[in-house]
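Trainee: Please take a close look at a single part of this model with me, and then place that part within the chain. I would like the cut-offs behind each term as we go.

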Amino acid sequence: MSDDLLPIAHELAEITRLVEADDFGATLDRFVTRVVHAIPGCDRALITVRSRGVLETVTDIEGLGLDPIAAGPIVEAATFDEPRRLDDVAVDQRWPSFSAQLAGAGFASCMVLPLSTSGDETAVLTLLSATPGQFTDTAYDVVLLLTLHAGVVFDNAALYHDSGKLVGQLRAALDTRSLVGRAQGMVMRQFNIDSKHAFDTLKRSSQNSNTKLRDLAGLLIAAHEQGEFEDALIKLAVTASR
């Protein structure tokens, strides 16, 4: 392996090491930062995703100076899942408005490559350079290798993000079950009914008062702790179901 490729090999190794503390955005920001360091002449990189027909740049674009989802090579690459390259904004006028934005932001060339992902989203990696004709065929091959790893990063980050949401939902469900269980026990003792009838009582009161079951349980528990349980039963119209 040549000396020129060794730093890139090191970057590839680092890119695939996700840290558990990273969130979706932080992981992708870290990836594009490494891309900028690994690709000669690359001054900025970003990732754009098309999900359910909506385009969104999911990496930091603060100070970028242009709209990544303006009509141009990024939109086309994300839409058609095909690479796009703009070698010189002063010469290539396929996307005149985008080229003008690119030049105004201090960039002269760009390359956009689809990421290999297994999900429903389409994602593309965009490289920007202040130098015209920066992204040659050799650079294209190197970046293509990087995008294969980027696809892994993207999928893993999305999986971690979704798993985090799932854990949060499970925690909320467990908290709700705990609250409802406590309120259910109070209703059982109050009306001398079994567990099923107590739950039915709470559920019916929740529907009649247009109050979420979790919130209703919380109100009853708080009232019990304040010695106002019977008043709360009347206020919330909690009556025994037999």
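**The core and its surroundings**

Mentor: Let us begin with the largest nonpolar core, which has 18 residues, and in which L86, F98, L102 and L128 touch the most other members. Such a core is a set of buried Ala, Val, Leu, Ile, Met, Phe, Trp, Tyr and Cys residues joined through side-chain atoms within 4.5 Å. At least two residues of this core come from each of α3 (73-80), α4 (96-104), β4 (109-114) and β5 (122-129), and the most come from α3, which gives four. Before going further, please keep in mind that this is a predicted model, in which local features need pLDDT of at least 70 and side-chain atom pairs count only at pLDDT 80 or more, while totals for chains, interfaces and linings use all residues. Residues are numbered from 1 along each chain as its sequence is written, and side-chain values use heavy atoms, with hydrogens and water left out.

The element names follow DSSP runs, numbered from the N terminus: helices are H or I with at least four residues, and strands are E with at least two. By "buried" I mean under 20% relative accessible area, by "exposed" over 50%, and by "partly exposed" anything in between, with a 1.4 Å probe and protein chains only.

Look now at α4, whose buried residues are F98, S99 and L102. They lie on the same side of α4, because the arc that they cover around the axis is only 100°, where the arc is that of the directions from the helix axis to the C-beta atoms. The cover over these buried residues includes α3, β3, β4 and β5. If we leave aside residues up to four places away in sequence, L102 is in contact (heavy atoms within 4.5 Å) with L66, L86, V89, F107, S109, C110 and L128. With the same neighbours left out, S99, also in α4, touches L86, V89, D92 and Q93, and its relative accessible area of 3% makes S99 buried. After α4 comes G106, whose phi is positive, near 95°.

From the helix we can turn to β5, which is largely enclosed by the rest of the structure, because eight of its eight residues are buried. T122, V124, T126 and L128 point one way from this strand, whereas A123, L125, L127 and S129 point the other way. To pair, two strands must share at least two bridges found by DSSP. β5 pairs with β1 (residues 44-51) in the antiparallel sense over seven bridges, and among the bridge partners here, T48 is matched with V124 of β5 and V49 with A123 of β5. β4 and β5 are also antiparallel, over six bridges, and one of the residue pairs joins M111 to L127 of β5.

These pairings belong to an open sheet of five strands, in the order β2-β1-β5-β4-β3, with antiparallel pairing. β2 (54-57) and β3 (84-86) stand at the edges with a single partner strand each, so one side of each has no neighbour in the sheet. From one strand to the next the twist averages 20°, using axes that are lines fitted to C-alpha atoms, for helices over the stretch in contact, with angles that run from 0 to 180 degrees between N-to-C directions.

To place this part in the chain, the elements from the N terminus on run α-α-β-β-α-β-α-β-β-α-α-α-α, for a count of eight helices and five strands. Of the 242 residues, 39% count as buried, and among the contacts with a separation of 6 or more, 58% come from residues 24 or more positions apart.

Two residues from later in the sequence can close the tour. G181 sits in helix α5 (residues 137-191) and counts as partly exposed, at 34% relative accessibility, and between its C-alpha atom and that of S195, 14 residues apart along the chain, the separation is 9.2 Å. T211 lies in the loop between α6 (195-208) and α7 (213-225), and it is buried, with a relative accessible area of 19%. The side chain of T211 makes a polar contact of 3.1 Å with the side chain of S209; the term covers a pair of N or O atoms within 3.5 Å, where within protein one must be able to donate a hydrogen and the other to accept it, and where residues adjacent in sequence count only if both atoms are side-chain atoms. Not counting residues up to four places away in sequence, T211 touches S206 and L216.
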